[in-house]
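Biologist: Could you take me on a close look at one small spot in this model, and then show me how it fits into its surroundings? I'd be glad of a connected walk-through.

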Amino acid sequence: MKRPQLDRTAIAPELRRLERRLMLRGMVSLGGLSLLSGCALDDEPAVERALARVMSLTDRAQALLFSRHRLAREFDASRITRPFPFNAYYGQDDVRTVDPAQWRLEVSGLVADRRPWSLAQFRALPQKRQITRHICVEGWSAIGCWSGVPLSVFLNRVGADLRAKYVDFHCFDDYSTSIDMATALHPQTVMVLDFDDRGLPAAYGAPMKVRIPTKLGYKNPKYLAAISVTNRFPGGYWEDQGYDWFGGS
Amino acid sequence: MPRPRRTPTPVIRITHWIGALSMLAMIGSGWQIYNASPILPFSFPSWMTLGGWLAGGIAWHFAAMWTLMGAGCVYLAHGVVSGHFRRDLRPQGARAIGRDMGLALRFRLSHAPGRYNAVQRLLYTGVLIVAALTVASGLSIWKPVQLGWLTWLFGGYDIARRIHFTMMALIVGFLIVHVVLALLVPSTLFGMVFGRRPAPQDPETVR
Ligand code: HEM
């Protein structure tokens with residue numbers, strides 16, 4: 001899910017062509033309604049605001065539909081997608097890595113114990129394994145095998161306020177996302193250490209990612225660096241650009 | 001003798017046009033979403049899509065989903081309760097369809113206000129079923145966990161996605177025929193906006 005970085009001078013002719021096409025689209029979209037206002041419907045701030053309001057209504061409906069007891073389907077190992085696709089807001093050549101021995105997970109917000117966690121501490125906790133379908137907002141999907149510590153186990157360990165609204169994730173590749181507490185406590189929401197029964201590879205989020213099979217791919221952060229429990233709406237990398245925040249499956 | 005009521009009823013006219021606008025928005029934004037990860041070896045030209053980029057397409061798709069489901073539910077409830085479906089939309093036998101198809105091809109088909117011919121009944125019933133399947137398969141790929149039973153009914157996520165696409169294609173096919181026919185018989189277009197009064201002496205249309 002990459003939003004292309006534009007070098008405007010290099011693509012000026014293409015931009016002009018695009019502008020003409022946008023004009024055309026303005027005429028086509030919703031039967032020329034937008035022509036009355038003289039610009040493309042999608043770029044009208046009032047339309048954008050209205051769409052954002054409806055989106056938050058849709059998010060509320062998604063939260064109502066969510067059940068902590070409904071499980072994502074688990075698959076047989078033969079169904080695992082190989083090779084599992086790489087996806088990030090940048091290309092695979094730009095993947096960042098850290099020394100696993102040095103890595104610590106920062107813990108903050110509404111928790112009793114804010115000491116950072118090492119990988120060894122996570123390895124000492126009970127692990128859970130799942131073979132589930134990762135569904136990207138783009139429409140493609142892939143089945144993978146992840147294991148690690150259920151997020152609910154971790155939240156209980158650090159004495160998190162489980163009545164708080166959000167769990168916020170920040171990553172060392174400058175990605176971020178956040179989820180509702182109900183999803184954080186879902187039994188299949190896991191802090192992943194292993195992929196395919198081996199240590200998590202760099203491409204898939206080493207040393208730790210969060211696997212949430214009840215949410216779309218962009219709600220499953222890789223390269224985890226910090227976790228925070230909060231009541232203030234945290235947003236996220238894609239969510240702040242217009243993707244819906246709940247992103248549930 | 002009482003003056004015959006305008007037909008179609010205001011509920012049908014209003015829900016038809018809200019539904020039609022919603023459907024156009026769903027198709028345009030759906031093509032935008034399709035382009036993010038095409039399942040066939042082509043993409044839709046961007047001027048045919050709505051939303052500007054994937055997130056915009058999704059925002060439009062869900063906004064139009066609510067208006068489409070709202071209009072659809074009112075239309076269906078009204079159609080069942082008022083007897084409109086049973087009386088006016090229920091498909092007739094193969095013979096009537098063959099007869100009306102022949103008349104249609106010779107441009108001799110009648111379009112009396114308040115009465116649909118056999119071809120129209122078949123098309124409308126068909127598209128209503130297809131539209132319902134489009135909504136259901138769409139819900140099944142949006143919520144493969146919370147509505148897992150629905151995803152299962154459609155044969156799993158990957159197949160459901162293809163069914164959703166196929167249903168869209170059927171609706172686009174219907175829409176082309178439907179709009180061409182409406183333009184060929186403009187009085188029906190006028191009727192769908194303002195309603196028309198059936199001729200009082202026609203006993204079948206007075207009710
Ligand atoms: C935007 C373009 C559209 C136009 C110009 C249009 C036009 C019309 C017209 C003129 C009629 C009345 C036909 C008659 O009285 O003989 C009609 C009826 C109908 N249309 Fe459309 N329509 C459009 C879009 C749609 C869409 C997208 C759907 C559904 C997918 C649809 C489904 C129907 C149905 C089911 C009826 C029968 C309504 C009833 O009496 O219950 N239309 N349309």
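Modeller: Let's start at S37(B), which is buried, with a relative accessible area of 11%; that falls under the 20% cut-off used for calling a residue buried. Please keep in mind that this is a predicted model. S37(B) sits in the loop that joins α1 (10-36) to α2 of chain B. Leaving aside residues up to four places away in sequence, S37(B) touches E138(A), G139(A) and W140(A) from chain A, along with R161(B) from chain B.

Those contacts lead us in two directions, and R161(B) is a good one to follow. R161(B) is among the buried residues of α7(B), a list that also includes H164(B), F165(B), M168(B), I171(B) and H178(B). The helix α7 of chain B runs over residues 157-184; its 28 residues should span 40 Å at 1.5 Å a residue, and the end C-alpha atoms are 41 Å apart, which agrees. An α-helix has 3.6 residues a turn, so residues three or four places apart point the same way.

The UniProt annotation "transmembrane region", from an unreviewed entry, covers residues 162-185 of chain B, as well as 12-34, 54-77 and 122-142. In the model, residues 162-185 of chain B are 96% helix and 0% strand, with end C-alpha atoms 35 Å apart. For residues 54-77 of chain B the figures are 100% helix, 0% strand and 34 Å.

Now for the other direction, across to chain A. In total, 28 residues of chain B are in contact with 37 residues of chain A. The two chains bury about 3000 Å² between them, 67% of it on carbon and sulfur atoms. Of the area that chain B buries against chain A, 23% is supplied by W47(B), W53(B) and Q146(B), more than by any other three residues.

On the chain A side, E138(A), G139(A) and W140(A), touched by S37(B), fall in residues 95-238, which an unreviewed UniProt entry annotates as "domain: Oxidoreductase molybdopterin-binding". That stretch of chain A is 11% helix and 35% strand, and its end C-alpha atoms are 18 Å apart.

Finally, the wider packing. The largest nonpolar core has 91 residues, and L105(A), F122(A) and L155(A) are among those with the most contacts inside it. Helix α2 (residues 54-81) of chain B gives this core its largest share, 10 residues. Domain 1 (12-65) and domain 2 (77-241) of chain A both contribute to this core, so it lies between them. A second, separate core has 8 residues, including I12(B), Y75(B), V127(B) and M192(B).

How values were computed. Residues numbered from 1 in each chain as written. Chains lettered and ligands numbered in written order. Predicted model: local features only at pLDDT ≥ 70, side-chain atom pairs only at ≥ 80, totals over all residues. Heavy atoms only, no water. UniProt positions renumbered as here; feature names shortened; annotations may be inferred. Helix = DSSP H or I, 4+ residues; strand = E, 2+ residues; numbered from the N terminus. Core = buried A, V, L, I, M, F, W, Y, C linked by side-chain atoms within 4.5 Å. Buried < 20%, exposed > 50% of the residue type's maximum accessible area, 1.4 Å probe, protein only. Domains from an automatic or database assignment. Expected span 1.5 Å × (residues − 1). Contact = heavy atoms within 4.5 Å. Buried area = accessible area lost by both parts, 1.4 Å probe.
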